[in-house]
Amino acid sequence: MNPLKKFRWSAALAFAACALVGAATVHASTYPSKPIKLIIPYAVGGSTDQTGRLMAKSLSERLGQAVVVENRAGAGGTLGQDFVAKASADGYTLLFSAAGPLTVTPHTYAKLSYDPVKSFEPIALVATQPLLLAVKPGLKADSVAELIAQAKANPGKLSYGSFGNGSAAHLAGEYFKTLAGVDMVHVPYKGSGPALVDLVAGQIDLMFDVFSTSAPLVKAGKLRALAITSTERSPQFPQVPTMQQAGVAGFEAGTWFGLLAPAGTPRPVIDKLSAAVNAALGEKELQETLASQGASVRGGTPEQFRSYFLAEYDKWGRIVKSAGVTAD
């Protein structure tokens with residue numbers, strides 16, 4: 001190439017690069033200049049929706065623009081995920097998701113319209129929420145050890161419910177079966193509510209359920225909690241041991257909530273949103289609400305969230321494969 005042409009070409013590339021950096025800087029300095037849409041891939045009223053709406057309220061106050069919640073429920077949360085994956089990467093369409101559609105569903109569906117790892121930019125991990133191992137009132141097992149002994153003495157006789165095939169509750173049950181070396185029958189339901197109704201009625205024997213929905217029934221004496229799936233005991237149930245304390249080494253499960261953006265969203269925008277989320281997590285109202293749901297406040301950098309997410313993705317992928325779980 002002619003030296004003069006080569007110089008001009010190099011200069012043009014350098015100018016273009018500077019222009020892109022400058023545009024991103026300007027975008028970040030003026031962002032947000034209009035309302036932000038926050039997609040929640042579940043119906044109104046659930047724990048993800050409740051937490052997402054609190055976060056939207058706090059972000060609105062901190063960013064100076066309305067953060068408008070839009071529920072796009074369906075297909076186990078994958079419809080909302082797909083919508084955000086295909087949205088413009090400008091910071092004005094965000095995803096508030098629970099763990100399932102990002103770390104479990106990708107391993108149970110033969111094909112998805114989005115890539116959980118490549119389609120999104122992690123912004124911040126908001127909170128983690130454990131599950132409670134609850135048993136029906138009449139089950140003759142007052143501890144996890146007694147439950148395991150009963151399951152081993154009666155292989156295939158005990159049944160455990162879940163709020164759907166491939167759900168966190170289902171995989172926690174499979175995880176328990178693997179680590180404890182027991183055989184139990186899985187009974188999937190279309191939601192936590194119907195499963196809990198049957199558990200209270202004694203139609204199924206046990207269930208790993210989200211803390212926020214099962215805890216009230218335990219407090220009311222309608223169910224008994226044998227263990228919690230977090231690494232620490234819950235302040236609401238200090239007498240209930242963790243699964244590891246109960247003798248199931250290595251057992252940790254549950255769900256989490258996080259904020260993500262479409263892949264390609266400018267890093268300065270990601271950083272601005274991450275800072276806003278971390279500031280919001282210091283607010284008393286949000287902390288108290290999460291605590292009432294049995295959740296723990298997390299926060300941190302986008303890199304920390306990405307590392308946590310990838311570890312969870314790999315962990316549940318192995319469990320799904322080992323259990324042979326597939327979507328209905």
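**Close-up views of a pocket and a cavity**

**View 1. Residues lining the second largest pocket.** In this predicted model, 23 residues line the second largest pocket, and those nearest its centre are T128, P130, S230, S296 and R298. The space within the second largest pocket amounts to about 490 Å³.

**View 2. Secondary-structure elements at the second largest pocket.** Strand β4, spanning 120-129, and helix α11, spanning 302-323, each contribute at least two residues to the lining of the second largest pocket. The greatest contribution to this lining comes from α11, which supplies three residues.

**View 3. Chemical character of the second largest pocket.** The lining of the second largest pocket comprises 10 polar residues, seven nonpolar residues and six charged residues.

**View 4. The enclosed cavity.** A single cavity of 30 Å³ or more is present in the structure. The largest cavity holds about 30 Å³ of space. Its lining is formed by P116, V117, F120, P122, L260, R306 and F309. Two or more residues of this lining come from each of β4 and α11.

**View 5. Chemical character of the largest cavity.** Six nonpolar residues and one charged residue make up the lining of the largest cavity, with no polar residue among them. The charged class is represented by R306.

**View 6. Elements shared by the two sites.** Strand β4 and helix α11 each give at least two residues to the lining of the second largest pocket. Both elements also give two or more residues to the lining of the largest cavity.

Conventions
Residues numbered from 1 in each chain as written. Predicted model: local features only at pLDDT ≥ 70, side-chain atom pairs only at ≥ 80, totals over all residues. Heavy atoms only, no water. 1 Å grid on protein atoms, 1.4 Å probe; cavity = no way out; pocket = protein on both sides within 12 Å on 5 of 7 lines; lining within 4 Å. Points joined across faces, edges and corners; volume = space filled by probe spheres on them. Helix = DSSP H or I, 4+ residues; strand = E, 2+ residues; numbered from the N terminus. Nonpolar A, V, L, I, M, F, W, Y, C, P; charged D, E, K, R; others polar.
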